[in-house]
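User: Please take a close look at one strand in this model and describe its surroundings. A formal, connected account suited to a first-year student would be welcome.

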Amino acid sequence: MTQLRFYGDPPPGIADESLPGRLVVVEGTDGVGRSTQIALLKEWLEASGYAVLNTGLRRSSLAGRGIERAKLGHTLDPITLNLFYATDFCDRMEHVIIPGLRAGMVVLTDRYVFSIIARAVVRGVNQRWIEDVFGFALVPDIIFYLDIDVDHLLPRVLSSTGFDYWESGQDFLRGHDLFKNFIRYQSRLLPQFQRLAEKHDFNVIDARRGVLDIFADLQSGISDIVAGMMDEEPSIAVQEDDELLPMAEIPALPASNTPMK
Amino acid sequence: MGLRRNDRFPGRLFIVEGIDGSGKSTQLDLLHKWLVSLGYLVVFSEWNSSPIVKSTTSRGKKRHSLTPMTFSLIHAADFASRTNAQIIPALEAGAIVLADRYAYTAFARDAVRGVSRDWLRHLYSFAVKPHIAFYFDVPLDESLRRILTGRPELKYYEAGLDLALSDDPYESFRLFQGKIHDEYDQIVREFNLVRIDATENLIRQQQVVREIVAPHLNGLMRDGNGGLQTALQEANLKGRYLSQGAQRGGATG
């Protein structure tokens with residue numbers, strides 16, 4: 001059972017309850033290999049018999065498209081962008097994550113509020129403000145942090161998607177040199193992740209190693225978290241005054257409905 | 001937690017607040033016309049109008065998928081966008097900014113929806129504190145009479161139907177407005193809003209508003225060219241091909 005806990009004031013209308021699912025967060029900077037690991041985890045968990053739900057930034061039906069559209073323009077300030085992300089996160093939390101936990105699923109999320117906070121602080125947004133705004137976020141059962149340094153990150157980024165405009169801080173750093181800005185940006189971003197890792201007790205995984213080494217660490221961390229899920233009784237709410245009929249009182253089927261032999 | 005200081009800006013920010021049917025928009029419109037007629041540069045900022053956020057808000061409203069939290073956050077995003085793209089640049093340039101509804105609307109509405117008051121004040125701490133914030137005070141029954149006469153169609157969130165106070169939209173609207181009215185009472189005290197008696201006749205109300213605004217206009221930037229209408233007259237042209245928008249912006253406000 002996962003007791004619903006929040007970093008600050010809980011959102012209105014969310015009861016103080018215990019849910020049968022588990023919330024697993026995978027955090028880490030751009031290109032560190034989060035999506036590969038999440039794909040492997042989902043396959044492994046499903047093969048082991050757990051129902052898995054995936055979610056990640058910008059995937060809400062409410063605000064996902066709006067963020068994509070806004071990022072194409074040129075009038076987006078960091079406060080607006082972060083409130084857009086907060087809307088997206090909140091919509092997924094209330095409409096996807098919590099219902100998934102209630103249904104008894106393992107909810108795997110690719111990035112959580114920490115990526116948003118780290119990126120905002122690097123862009124000059126007041127740290128206390130952004131952390132307070134995300135006070136409505138649910139405290140996960142476990143937060144894995146794929147820890148890497150810029151030297152090890154570079155080859156991964158080059159061999160996959162290449163340097164991205166936002167992930168190189170091109171929106172606020174000077175100059176047009178994407179490579180230099182990538183280094184500058186990631187060198188500021190990683191210390192923010194470190195700060196959050198200490199503050200929120202992340203499960204830090206050395207992501208400089210190979211895919212399977214990282215995967216093995218994630219597996220062992222998750223095994224502890226999901227242990228016992230299979231044995232827990234489903235929490236079906238039964239009102240005390242709404243007692244179930246004893247079996248004997250259920251009327252027998254009329255004879256005519258008995259299937260013909 | 002207060003709003004951001006306004007004393008570093010040469011411009012002035014005047015805003016109006018009040019429940020639906022308080023007549024605040026009418027009064028702001030009259031103030032707008034007066035300021036333009038005096039030659040001041042006036043920028044008008046409307047609640048829920050940011051071009052980059054608007055479509056997301058309408059998506060949520062259309063599908064009834066907004067919860068109290070996402071309702072609050074998306075309106076804050078709209079407000080942030082207008083603050084940074086419209087309000088602050090105009091204040092820095094020395095213009096007058098008029099806003100119909102401000103952060104206080106969110107403080108009242110979202111608190112009624114159960115959102116934490118402290119969290120809301122912190123959320124909106126990026127907002128510039130207005131030089132004058134008017135609160136158009138009207139008894140609940142009077143505002144309901146003004147709005148509900150003719151039984152207009154009430155929208156889902158406008159009527160507070162998401163709060164499940166009542167299945168009947170009119171009854172829900174009444175209860176919702178009543179709660180907002182109570183919330184405003186506290187906000188008016190907390191933020192020292194200037195209370196205007198919105199049951200008085202319209203002309204008298206506008207006189208009071210102008211008397212309060214006048215001392216704040218000293219040294220503000222004025223448009224020396226007298227606007228588009230004057231230019232047209234001087235050139236002996238009718239401006240036949242000018243769009244309606246350009247004409248409005250030029251002279252009449």
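Analyst: Two strands are said to pair if DSSP finds at least two bridges between them. Strands (E, at least two residues) and helices (H or I, at least four) are themselves DSSP runs, numbered from the N terminus. Residues are numbered from 1 along each chain as its sequence is written, while chains are lettered from A and ligands numbered from 1 in the order in which they are written. The model is predicted: local features need pLDDT (the predictor's confidence in each residue, from 0 to 100) of at least 70, side-chain atom pairs count only at pLDDT 80 or more, and totals for chains, interfaces and linings use all residues.

The strand chosen here is strand E3 of chain B, residues 96-100. It belongs to an open sheet of five parallel strands, in the order E2-E3-E1-E4-E5. The edges of this sheet are strand E2 (42-46) and strand E5 (194-197) of chain B, each of which pairs on one side only. From one strand to its neighbour the average turn, direction ignored, is 20°. Strands of a sheet pair through backbone hydrogen bonds, either parallel or antiparallel.

On one side, E3(B) pairs with E2(B) in the parallel sense over five bridges. Within this pairing, B:Val42 stands opposite B:Ile96, and B:Glu46 has B:Asp100 as its bridge partner. E3(B) is likewise joined by five bridges to E1(B), again running parallel; here B:Ala99 is the bridge partner of B:Ile15.

How well is E3(B) covered? Five of its five residues are buried, that is, each has 20 or more other C-beta atoms (placed from the backbone) within 10 Å of its own, where 12 or fewer would make a residue exposed and a count in between partly exposed. B:Ile96, B:Leu98 and B:Asp100 point one way from the strand, whereas B:Val97 and B:Ala99 point the other way.

A helix also covers this sheet. Helix H1 (residues 24-37) of chain B packs on it and touches strand E1 (12-17), E2, E3 and E4 of chain B. The direction of H1(B) makes about 165° with that of E3(B); such angles run from 0 to 180 degrees between N-to-C directions, with axes fitted to C-alpha atoms, for helices over the stretch in contact.

A short distance along the chain from E3(B) comes B:Tyr102, whose C-alpha atom is 9.0 Å from that of B:Pro130, although the two are 28 residues apart in sequence. B:Pro130 lies in the loop between helix H5 (117-123) and strand E4 (132-137) of chain B. Why does B:Pro130 count as buried? It does so because 25 other C-beta atoms lie within 10 Å. Beyond its neighbours within four places in sequence, B:Pro130 is in contact (C-beta atoms, placed from the backbone, within 7 Å) with B:Leu13, B:Phe14, B:Ile15 and B:Tyr102. B:Ile15 is thus shared between this loop and the bridges to E3(B).

Chain B also meets chain A, with 27 residues from each chain in the contact. On the side of chain B, helix H2 (54-63), helix H3 (68-93) and H5 each supply at least two residues, and H3(B) gives the most, with 11 residues. That side has 13 nonpolar, 12 polar and two charged residues; Ala, Val, Leu, Ile, Met, Phe, Trp, Tyr, Cys and Pro count as nonpolar, Asp, Glu, Lys and Arg as charged, and the others, Gly among them, as polar.

H3(B) packs against helix H3 (residues 78-102) of chain A at an angle of about 170°, with the axes 8 Å apart. The two helices are therefore roughly antiparallel, the class for angles over 145 degrees (under 35 is roughly parallel, 65 to 115 roughly perpendicular, the rest oblique). Residues making this contact include A:Leu83 and A:Phe84 from H3(A), and B:Leu73 and B:Ile74 from H3(B). By class, the contact of the two helices has 11 nonpolar, five polar and two charged residues.

Chain A has its own open sheet of five parallel strands, in the order E4-E5-E3-E6-E7. Strand E4 (52-56) and strand E7 (203-206) of chain A stand at its edges with a single partner strand each, so one side of each is left without a neighbour in the sheet.

As to confidence, chain B averages a pLDDT of 91, with 94% of its residues scoring at least 70. Over residues 247-253 of chain B the pLDDT is below 50. The model as a whole scores ipTM 0.86 and pTM 0.87.

Terms used
Two residues are in contact if their C-beta atoms, placed from the backbone, lie within 7 Å.
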